[in-house]
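Student: I'd like a close look at a single part of this model, followed through to whatever belongs with it. Could you keep it friendly and in plain words?

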Amino acid sequence: MKITIDQDACIASGQCVLSSPKVFDQRDTDGIVVLLQDSPEAVLQENVHEAARICPAQAIELTLS
Ligand code: SF4
């Protein structure tokens with residue numbers, strides 16, 4: 001799995017951080033998503049799928065390998 005985020009699309013809602021706090025964070029200044037790791041280990045991937053699914057801005061793109 002490879003994760004790509006679109007910081008221009010992100011609306012700082014924070015759902016991804018709640019779902020996958022080891023993979024996503026938010027900038028202190030404006031809450032825009034920050035990617036902590038772009039190739040998470042298998043045990044984290046189910047939550048990353050959930051984060052991508054629930055993101056209201058569709059700002060998380062997953063490439064599956
Ligand atoms: S869930 Fe989507 S819109 Fe919300 S902070 Fe994460 S990337 Fe941004």
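**A close look at the loops and what lies beside them**

Tutor: Glutamine 58 is a good place to start: it sits in the loop between helix H2, residues 42-54, and strand S4, where helices are DSSP runs of H or I with at least four residues, strands are runs of E with at least two, and both are numbered from the N terminus. Keep in mind that this is a predicted model, in which local features need pLDDT of at least 70, side-chain atom pairs count only at pLDDT 80 or more, and totals for chains, interfaces and linings use all residues. Residues are numbered from 1 along each chain as its sequence is written, and side-chain values use heavy atoms, leaving out hydrogens and water.

Glutamine 58 is not a glycine, yet its phi is positive, at about 50 degrees. It counts as exposed because its relative accessibility is 72%; exposed means over 50%, buried under 20% and partly exposed in between, with a 1.4 Å probe and protein chains only.

A positive phi also turns up at alanine 12, another residue other than glycine, with a value near 65 degrees. Alanine 12 belongs to the loop that runs between strand S1 (2-5) and helix H1 (15-19). Its relative accessible area is 25%, so alanine 12 is partly exposed.

Now move to the loop between strand S3 (33-35) and H2, where you will find proline 40. Aspartate 38 lies in the loop between S3 and H2 as well. Proline 40 is buried because its relative accessibility is 4%, while aspartate 38, at 32%, is partly exposed. Setting aside neighbours up to four places away in sequence, aspartate 38 touches Met1, Lys2 and Ile3, contact meaning heavy atoms within 4.5 Å. The C-alpha atoms of aspartate 38 and isoleucine 3 are separated by 4.9 Å, although their positions lie 35 residues apart along the chain. With the sequence neighbours left aside in that way, the contacts of proline 40 are Met1, Ile3, Val23, Gln45 and Val48. Aspartate 25, 15 residues away from proline 40 in sequence, is 14 Å away in space, C-alpha to C-alpha.

Met1 comes up again at leucine 64, which touches Met1 and His49 beyond its neighbours within four places. Leucine 64 is in the segment after strand S4 (60-63). With a relative accessible area of 56%, leucine 64 is exposed. Isoleucine 3 is 61 residues from leucine 64 in sequence and 8.8 Å from it in space, C-alpha to C-alpha.

Finally, the interior. The structure holds one cavity of 30 Å³ or more, a cavity being a set of points on a 1 Å grid over the protein atoms alone where a 1.4 Å probe fits but cannot get out, lined by residues with an atom within 4 Å of a point. The volume of the largest cavity is about 100 Å³, counted as the space filled by probe spheres set on the points. Its lining has 15 residues, with Cys10, Ser13, Gly14, Cys16 and Cys55 nearest the centre. The ligand takes up the space of this largest cavity, since more than half of its atoms lie within 2 Å of the grid points. Around the ligand there are 13 residues, and Cys10, Ser13, Gly14, Cys16 and Cys55 come nearest; such residues have a heavy atom within 4 Å.

Technical notes. 1 Å grid on protein atoms, 1.4 Å probe; cavity = no way out; pocket = protein on both sides within 12 Å on 5 of 7 lines; lining within 4 Å.
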